[in-house]
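This report looks at how one chain meets its partner, how that chain is divided, and what lies in its interior. The account begins with the contact between chains and then moves inward.

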Amino acid sequence: MGLLRRKWTPESAEQWTREDWIVILISPLAYVGIAVGTALVFFMTTIGLIVLGITMLFIILMHWIIDPKLKTISREYERKQKQYLIELEQTQRWEEVQ
Amino acid sequence: MIHFAVLDWIWIFLFIILMMGCGVLFYRLGKRSESDFFLAGRGLPWWLPASSVYATHTAVDTPMWVTGVVYKYGLTGIWYAFFAAWCAISAFVSTRIFRRSLAYTQAEWQGLRFGGLGGELLRGWMTGWQIFMTMFNMGWIGIAMGKICQYLFGWPAWFGLVGFSTLCAVYVMTSGYWGVVMADFQQGIIAFCAIIVVSIWGVKAAGGPNGIVDKLAVMGESWRLNPFHFTGLFSGDFPLAWFITMMVIAVIGGFGMGTNIDWYVEAQRIQSARSVRDASYTIWWGTALVILRNSIWAIAILGFFVLFPNIKDASQYEMGWFRLGFEFLPVGLVGFFFAAILAIHLSTVSSILNLGAMYATRDLYHHYINPQASQERLVRVGRLSTLLILVFSFFFGLMMNEITKWLIFALWIMAAGVWLPNILQVIWWRFNAWGYLSSWIANLGLSWLVVWILPMAGVLPNLPDYLQFWVLMGLTAFIYIPVTLLTKPENMDHLVRYYMMCRPLGFWGPVRREAEKRGLLLDVKRSA
C-alpha cells in the first residue's frame, strides 16, 4: 500500500484514516487560498496568481484523496439506510422513551 | 428614491413569476410526506443543496456587513466574514457524522446521541431555542428589506417586511423544501450574476483594477490591499490575537455541531443530500462559493472606497455596495439589480421559514404531541407552522430596534461557552447530556458576569470580544467537565447504537470495543 490509499473495502472505509486527516488539513488552506487569491488576482498581483494556482491544486488533490473513500462509504451506507430510517422512526417516538 | 423604467419592472415581474412557479411546479412532490416537505425526500444531488447553502447565506444584510468591514479595514475585512470556514473541516467530519444519523434536525440528533431524560431535555430545549431563533432571524432580515424598500421607494418599513416575506411564504407553504431548494438554485444564480455585474461596474467607475491600486497609493492607503495587515499582537483594529481566535473558532469548530449559528440551517441541507458523499460536497462547495463571493464584494468595496473615501458614518458606508448598483448601473439593469436583491432576500427567508416549521413539526408536534400522525397530517402541520412562524416574525421585525442589543448579546453568548461542548458532544464518548446541559446553563450565567457585571464592578477589565471568548470558554469548562465526570455515562446500548450508525471521529474507544465484543463491528486491524 502506498502513502495514500485509493482502494477501499466497506470495512476499511468506515475507519478514520490518514487520508481523512490530510483532507482536514488541506481543506481550510484551500478556503484561505480562495479568499486571498481571488481578491489579489483581481489586482493583477503575481502573488495572487500563485496563491490561486496553489489553491486549485489543493482542491484537486483533496478530491483525488477523499472521493474514492466517500464513494465507498456512501455505497455501503445507502444499502443500510432504509433499515436505519425504520429504526429511527421507531426509536424517536416519545412513548418509547418513557 | 429610485426611478424604475419599464424594463426594470419587467425584470422584477419576470423574477416573481419564476419564483412563484417553483411553488406550483413542486406542489405534488412537497405534499407526499414529512420527509419530502422538509428534506426533499433525502434525494438531492450535491449541487442543488450546495446552491441553497450559498443562496441562504447571502441575505440582504450580508452585503451591508461585508461592505462595512472592508470599507473600514481594507482587505483584512474579509476575515471578519470568514466564519463560514467552519465548513472546511465540517464537510469531512461533522457533516459526514450528521448525515449518517438521518436526524431531521439538530434537536433530533441530540436525542440520538444522548439518551434518557437528559436527551429529551436537550431535544426540548434545542427545539424551543431554534423556533425562537427562526422567528428572530426572519424579523431581523425582514426589517432590513423593509429599510431598503424605504430607501428606494419611500415605502413604510413594515410594508417591505410583510409584503416580501408573505410572498415567499406562499411557495414555502405550497411545496415545502422542494420549493425552497429549487427557488434557491435560480435565486443563487441570479444573485451571483448580480454580484459580479455590480462589482464590475463599480470597479470600472473607480478606474479599473490598476486605477484603484494607483489611487490607493496616492491616498497613502495601500495597506488596504494587504489581507494580512496586522496592527500588532493585541493592539489596534486588527490584532494578530483576534485573527488567531477567529481562525480557531471558525476552522476547529468544524469538528463539532452547532459551533456556528449557521449549522442549524446547513444541517437540513446535509440531510437532503442523497448520500454521505453528496452531503460533504454540498457543504464544501456551497461555502466555497460564499467565500469567493466575499472576495468579489471586497474588490468592489475597495472601488467604492476610492470613489467615496471620507464617509465616517457606518450606516452610510455600509450601503456602499447597494449604492454602486443603483448609482452606476445603466437604466434597465437597475431592475435586474433589484430583482437580485429580492432573490437574495427570499432565498434566506424561505430557508429559515421551512427550517422553523421543521422544528415545530418534527420535534414538537410529531415527537411530543401526535407521534402516530399520518404523513398527510404532518404536511398540513408543516404548512400551519410555516404560517405561524411568519406571523410571529413580523412582531420581532417591528420591535427589532429595541431588542437588537439584547439579542446580539444572546447570540454572542450562545457561541462562546458552548463552543467546546459542541465539539465534545461529537468527539468524546464520555461527554453526557448533563455535561452538555450544564454548559448551556453555566454559559448563560457566566457571560453576564464576564461581559457586564464584573467589568462594571471593576473586578475584570473591559476585555475585547475575542478575549471574552477565551475567558468564557475556560470558565464554563470548570463547570461542565466536573458535571460530566460526576454523573453516569450515557447508556452503553444507546451509545453502541449511535456509534454503529454514525461512526464518529475522536475518543470513542470503549464504545468501539463494546461494539466489537458484541460482534457488530469487524476489528479491521486484527482482521488485516
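## Contact between the chains

In this predicted model, the contact is built from 39 residues of chain B and 34 residues of chain A. On the side of chain B that touches chain A, two or more residues come from each of α6 (86-90), α8 (106-113), α11 (208-218), α14 (276-307) and α17 (333-369) of chain B. Of these helices, α14(B) provides the largest share of that side, namely 11 residues. Sorted by class, the side of chain B that touches chain A holds 28 nonpolar, 6 polar and 5 charged residues.

## Confidence and overall form

The model has an ipTM of 0.92 and a pTM of 0.93, while chain B has a mean pLDDT of 90, with 96% of its residues at 70 or more. Chain B contains 25 helices and 0 strands. Its C-alpha atoms occupy a box of roughly 70 × 60 × 50 Å along the principal axes. Because a compact globule of 528 residues would have a radius of gyration near 24 Å, the value of 24 Å for chain B agrees with that expectation. Of the 528 residues in chain B, 55% are buried. Among contacts in chain B with a separation of 6 or more, 80% are between residues 24 or more positions apart.

## Two domains and their contact

Chain B is divided into domain 1, which is assembled from the segments 6-68, 90-205, 267-299 and 322-398, and domain 2, which covers 403-490. The C-alpha centres of these two domains of chain B are 29 Å apart. Where they meet, 10 residues of domain 1 of chain B are in contact with 9 residues of domain 2 of chain B. On the domain 1 side of this contact, α7 (94-101) and α9 (116-153) of chain B each supply at least two residues, and α9(B) gives the most, with 5 residues.

The table sets out the residue classes for the two sides described above.

| Side | Nonpolar | Polar | Charged |
|---|---|---|---|
| Chain B, touching chain A | 28 residues | 6 residues | 5 residues |
| Domain 1 of chain B, touching domain 2 of chain B | 5 residues | 4 residues | 1 residue |

## The interior

What lies inside, and which residues have the most contacts within the largest nonpolar core? This core has 196 residues, and those with the most contacts inside it are Ala300(B), Ile301(B), Ala340(B) and Leu353(B). Helix α10(B) contributes the largest share of the core, 23 residues, and the core takes at least three residues from each of domain 1 and domain 2 of chain B. When residues up to four places away in sequence are left out, Ala340(B) touches Ile190(B), Ala191(B) and Ala194(B).

Helix α4 of chain B, residues 47-56, is another mostly covered element, with 9 of its 10 residues buried. The buried residues of α4(B) include Leu48(B), Pro49(B), Val53(B) and Tyr54(B), together with Ser51(B), Ser52(B) and Thr56(B). The cover over the buried residues of α4(B) includes α10 (157-205), α13 (263-272), α14 and α17 of chain B. Two of the names in that cover, α14 and α17 of chain B, also appear among the helices that give two or more residues to the side touching chain A.

Definitions and conventions: Residues numbered from 1 in each chain as written. Chains lettered and ligands numbered in written order. Contact = placed C-beta atoms within 7 Å. Helix = DSSP H or I, 4+ residues; strand = E, 2+ residues; numbered from the N terminus. Nonpolar A, V, L, I, M, F, W, Y, C, P; charged D, E, K, R; others polar. Domains from an automatic or database assignment. Rg over C-alpha atoms; globule rule 2.2 N^0.38 Å. Buried ≥ 20, exposed ≤ 12 C-beta atoms within 10 Å, placed from the backbone. pLDDT = per-residue confidence, 0-100. Core = buried A, V, L, I, M, F, W, Y, C linked by C-beta atoms within 7 Å.
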